[in-house]
Amino acid sequence: MKKTNWLDQLDAVTTFSLSKGEPQWMTEFRREALKKANELPLPHIDRVKFRRWPLFSIHEMADEMNESGHVVAFDQMKDNPMIVQQRTWTVVEQLSAELAEKGVIFTDLFTALQEYPELVQEYYMKKAVKMDEDQLTALHVAFMNTGLFLYVPKNVVINEPIEALFIQVGEISQHFFKHVLIVADEHSEFSYLERFQTTGENLQKASGNIIVEVIAKAGARVKYAAVDQLGENVTSYVNRRGYILRDASIDWAIGVMNDGHVIADFDSDLVGEGAHAEVKIVAISSGKQIQGIDTRVTNKAKYTVGHILQHGVIKERGTLTFNGIGHILKGAKGADAQQESRVLMFSDKARGDANPILLIDENEVTAGHAASVGRVDPEEMYYLMSRGLHKAEAERLVIRGFLGAVLTAIPVEEVRKELVEVIEGKLNT
């Protein structure tokens, strides 16, 4: 495979940044990232071979115009804060005057870079995900072409859910490099629901590079949910990272329901004493799809708690790998790291792996793991079919029960219901 010289794109990246009216520091940050991309390694995802995947199909960086009359349909609007983005532009942006008066910022990333440049600069690829971690993070900074910024000020509690819908238009072969930056200031509290979807019929191949940074400052409480449904045409790298300070918490609920190949990093850095992360993941692989998911919690401070619960189902010739990593660093006394990863296969041609890793560098801590990979119990299927169910119906019941252990642990009822509907839809295709 011919190696790409990313410096050839330096002028295109600079021109794009200027066309978006980005501050000088952002233009230079993009240029610096592009220069580093040639020398940085790819990320390491245990037991997943992705180096030949088309993750680097960077298309024309020129800004695009909003094509009136070409917006896809979405559910009827509610009164809660919402953003809908299609391709690289925002088609809906809704935030009440009351929340705006309290200092809440909820807008597309390019607007935030123009109107709140110092605030964005403080956190963008500085705390949670670093630009130079690997080649994919560097390329993300250089070629990022769409994004969102959410800032909830100190002591602000938002009761209604904050929603974001990101639409990748499948008929257009355009790279989908999305950045979501969420900052929960001290003792703020809110729920955020994110959806990724592909629309269209004549799907063109595209690469996706999605990074989500959630910074939870002291005492903040964030409930983060995501339902990923990108199409089979999109080969994706998805990096969601929490940076959690003293006595703050992030409760993650993620449904990996894409149809294309996926590698993912779902990480929580417990930086402050008493920080807490709960990570709940459900995933389905089918057809010839390959998904590799690294879920990591790093206990960096005393009395931090990180729990991972992930269940996945594989049908046909699909492949699914769960790598669960719990790392308690030196000095994190009283830390708690627990994980459970389980994979259920419905075909003798399916390939599954649950790989638990515990790295313990401190005494006086609590840590444990459970992992299993297996095929569906034939006696269970026989019992259900003997009661008059067709095989497909019996499989759906078994899958519902298997994933239900994770779904019932998700604290937000709306997210539970939506994930159940998405799972049903994926199983019926």
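This report walks through a helix pair, a hairpin and one threonine in a predicted model.

Residues are numbered from 1 along each chain as its sequence is written. In this predicted model, local features need pLDDT of at least 70, side-chain atom pairs count only at pLDDT 80 or more, and totals for chains, interfaces and linings use all residues, while side-chain values use heavy atoms and leave out hydrogens and water.

Confidence comes up early here. The chain has a mean pLDDT of 92, with 95% of its residues at 70 or more; pLDDT is the predictor's confidence in each residue, from 0 to 100. Over residues 65–74, though, pLDDT stays under 50. Where pLDDT is low, the predicted coordinates should not be read in detail.

Here are the elements, which are DSSP runs numbered from the N terminus (helices: H or I, at least four residues; strands: E, at least two).

| Element | Residues |
|---|---|
| Helix α2 | 24–37 |
| Helix α6 | 135–143 |
| Strand β1 | 82–86 |
| Strand β2 | 89–94 |
| Strand β3 | 105–108 |

Now the hairpin: β1 and β2 pair in the antiparallel sense over 5 bridges (pairing takes at least two DSSP bridges). Glutamine 85 has threonine 90 in β2 as its bridge partner. With 2 residues between the strands, the hairpin has arginine 87 at a positive phi near 55 degrees.

Is threonine 107 in β3 buried or exposed? Threonine 107 counts as buried because its relative accessibility is 5% (buried is under 20%, exposed over 50%, partly exposed in between, with a 1.4 Å probe and protein chains only). Leaving aside neighbours within four places in sequence, threonine 107 is in contact (heavy atoms within 4.5 Å) with Ile83, Glu93, Ala112, Leu148 and Phe149.

How values were computed
Axes fitted to C-alpha atoms, helices over the stretch in contact; angles between N-to-C directions.
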